[in-house]
Amino acid sequence: MRAHEAGALHGDIGHRGPAWLRPPADVNALVPQLWPRQVERGAGGALTVAGLDVRELAAGYGTPAYVLDEDDLRSRAREFRDAFPDVDVYYAGKAFLCRAVVRMIAEEGLHLDVCSGGELATALSAGMPAERIGFHGNNKSVAELTRALDAGVGRIILDSFAEIDRLTALARERGVRPGVLIRVTVGVEAHTHEFIATAHEDQKFGFSLAGGAAAAAAFRVIDEGVLDLRGLHSHIGSQIFDTSGFEVSARRVLALQAQIRDARGVELPELDLGGGFGIAYTTQDDPSTPAELAKRLRKIVDSECAAENLAVPHLSIEPGRAIVGPAVFTLYTVGTVKDVDRLRTYVSVDGGMSDNIRTALYDASYSATLADRASTAEPLLARVVGKHCESGDIVVKDEFLPADVRPGDLVAVPGTGAYCRSMASNYNHVPRPPVVAVRDGRARLIVRRETEEDLLALDVG
Ligand SMILES: Cc1ncc(COP(=O)(O)O)c(C=O)c1O
């Protein structure tokens with residue numbers, strides 16, 4: 001058997017945590033930008049959301065559970081809509097979608113992006129007007145495209161030549177002229193504070209700008225005249241805090257727009273800049289407000305359009321995470337607390353990588369707090385882990401929790417609204433948690449907990 005290569009040092013590094021993580025002056029304090037806006041500590045020190053005590057939520061709905069502060073989500077949706085008044089804001093449903101959220105998004109005046117037949121079915125079944133839906137995906141099936149056309153989806157974002165041909169044939173058969181955008185890969189990859197601008201982008205989405213595929217796609221759609229080409233689309237990444245990547249991408253995509261105008265005499269009326277706006281997962285993240293983003297994006301587009309002598313197109317954006325991410329926290333119950341050779345304390349909770357795969361998948365950082373009480377104990381650096389048969393089953397890599405954290409305690413992990421429930425799995429046949437929406441002191445189940453019966457219902461062998 002091989003010893004761990006890093007030996008004791010490995011544990012020692014873990015014990016101190018990352019350089020930025022400092023023991024808090026008050027281990028019970030909530031860092032406002034990490035939490036839904038209506039979360040606070042109530043009189044007994046337990047968290048409350050919109051006035052409701054999390055102990056009541058745990059008793060009523062069990063744990064783990066995703067808890068949604070409905071007014072938080074609605075207010076973030078409104079802030080985008082108000083900051084971008086003449087821009088269509090498409091909520092990216094892949095971040096998290098269920099019928100109640102579709103209704104919230106629709107009521108707050110947003111549009112909706114879907115990227116599969118399942119998301120489209122959810123949106124339509126919740127009454128989202130089809131003309132406010134955009135349909136993405138690099139491999140939409142004929143059945144999905146047919147359904148989108150029959151429903152009257154507002155726009156389809158084209159991703160391949162095969163898709164142009166399929167959609168053209170379907171539109172001809174039906175005698176319809178669907179609105180389409182061309183997804184352009186612009187050679188910009190942006191994540192957090194860094195972006196990389198390259199000539200080429202080696203990825204499955206969209207049409208390459210550098211290789212000429214994007215221009216060829218636009219020419220094919222214009223020349224065939226069956227689909228209504230409204231504009232170009234680019235999405236450059238996720239968890240972006242700095243708009244310089246958008247500047248490069250807007251410059252490149254608008255240069256293509258000018259090329260299309262010069263070659264075909266058509267000035268495309270719309271431009272979609274995608275999503276990817278960052279949120280706070282730890283104290284290290286300092287996201288911009290929608291108003292700041294709007295100002296910077298508008299300036300970028302105005303100056304790039306002026307440089308190309310183009311009229312400013314009608315803009316759209318596609319935020320997902322920035323709307324739903326901060327509105328949700330996951331509530332867990334602690335099952336074991338294990339001090340491993342005084343190197344690290346592992347706090348095991350009753351969920352894990354099946355309800356939040358992002359830590360394992362992207363090495364994402366999260367925060368956590370003791371949720372059912374305040375504590376006077378010293379801060380203890382802990383790792384919050386799940387119950388799955390996988391040593392990489394980590395929820396929060398490093399966090400200070402009170403040293404008296406114990407089995408039966410509730411722990412809450414904020415920032416889990418985006419890409420947690422939507423990427424949840426049944427690994428180890430663990431049923432997926434419910435989503436509970438809280439508003440004005442009242443809770444309602446919007447996605448119920450999966451049961452063992454649900455799991456067995458699919459197992460027909
Ligand atoms: C095309 C497109 N638009 C929007 C988004 C939403 O990104 P975010 O949730 O980071 O805002 C994504 C995410 O993958 C995407 O691929």
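Trainee: Starting with the ligand, how far is its oxygen atom from an N or O atom in the side chain of lysine 94?
Mentor: That distance is 3.2 Å, between an oxygen atom of the ligand and an N or O atom in the lysine 94 side chain. Keep in mind that this is a predicted model.

Trainee: And what about glutamate 318? Which kind of ligand atom does its side chain meet?
Mentor: A nitrogen atom. It sits 2.6 Å from an N or O atom in the side chain of glutamate 318.

Trainee: Arginine 321 next. Is it the backbone or the side chain that lies 2.8 Å from a ligand oxygen?
Mentor: The backbone. One of the backbone N or O atoms of arginine 321 is 2.8 Å from an oxygen atom of the ligand.

Trainee: How much of the ligand does the protein cover?
Mentor: On its own, the ligand has 400 Å² of accessible area. The protein covers 90% of that.

Trainee: How many residues surround it?
Mentor: There are 15. The closest are Gly276, Glu318, Gly320, Arg321 and Tyr419.

Trainee: What classes are in that shell?
Mentor: Four residues are nonpolar, seven are polar and four are charged.

Trainee: Changing topic: sheets. What is the strand order in the one with strand 10?
Mentor: The order is 11-10-14. Those three strands make an open sheet with mixed pairing.

Trainee: Which strands are at the edges?
Mentor: Strand 11, residues 194-197, and strand 14, residues 237-240. Each of them pairs on one side only.

Trainee: What's the average twist?
Mentor: From one strand to the next, the twist averages 20°.

Trainee: Where does the mixed pairing come from? Take strand 10 and strand 11: parallel or antiparallel?
Mentor: Antiparallel. Strand 10 covers residues 188-192, and four bridges join it to strand 11. The two strands form a hairpin with one residue between them.

Trainee: And strand 10 with strand 14, parallel or antiparallel?
Mentor: Parallel, with three bridges.

Trainee: Which residues can I look at to see this?
Mentor: Try alanine 190. It stands opposite phenylalanine 195 in strand 11. In strand 14, the bridge partner of alanine 190 is glycine 237.

Trainee: Which helix lies across those strands?
Mentor: Helix 9, residues 244-264. It lies across strand 10, strand 11 and strand 14. It runs at about 25° to strand 11.

Trainee: What does strand 13 pair with?
Mentor: Strand 9 is one partner. Strand 9 (residues 179-185) and strand 13 (residues 228-233) are parallel, with five bridges. Strand 13 is also joined to strand 15, residues 270-272, by three bridges, again in parallel.

Trainee: Which residue stands opposite isoleucine 182?
Mentor: Leucine 232, in strand 13. Leucine 232 also has leucine 271 as its bridge partner in strand 15.

Trainee: Back towards the N terminus. What order do strands 1, 2 and 3 take?
Mentor: They go 1-2-3, in an open sheet with antiparallel pairing.

Trainee: Why is one side of strand 1 left without a neighbour in the sheet?
Mentor: Strand 1 (39-41) is at an edge and has a single partner strand, so one side has no neighbour in the sheet. Strand 3 (52-53) is at an edge in the same way.

Trainee: How many bridges join strand 1 to strand 2?
Mentor: Three, and strand 2 spans residues 47-49. Glutamate 40 stands opposite threonine 48 there.

Trainee: Any unusual backbone spots?
Mentor: Here is the background. Most residues other than glycine have a negative phi, and most peptide bonds are trans. Now look at threonine 63 and proline 64. A cis peptide bond joins them, with omega about -10°.

Trainee: Where is proline 64?
Mentor: In the loop between helix 2 (54-61) and strand 4 (65-69).

Trainee: What about aspartate 341? Is its phi positive or negative?
Mentor: Positive, near 50°. Aspartate 341 is in the loop between strand 17 (328-340) and strand 18 (344-349).

Notes:
Residues numbered from 1 in each chain as written. Predicted model: local features only at pLDDT ≥ 70, side-chain atom pairs only at ≥ 80, totals over all residues. Heavy atoms only, no water. Near = heavy atom within 4 Å. Polar contact = N/O pair within 3.5 Å; in protein donor to acceptor, adjacent residues only side chain to side chain. Areas by Shrake-Rupley, 256 points an atom, 1.4 Å probe, with all protein chains shown as cover. Nonpolar A, V, L, I, M, F, W, Y, C, P; charged D, E, K, R; others polar. Pairing = 2+ DSSP bridges. Axes fitted to C-alpha atoms, helices over the stretch in contact; angles between N-to-C directions. Contact = heavy atoms within 4.5 Å.
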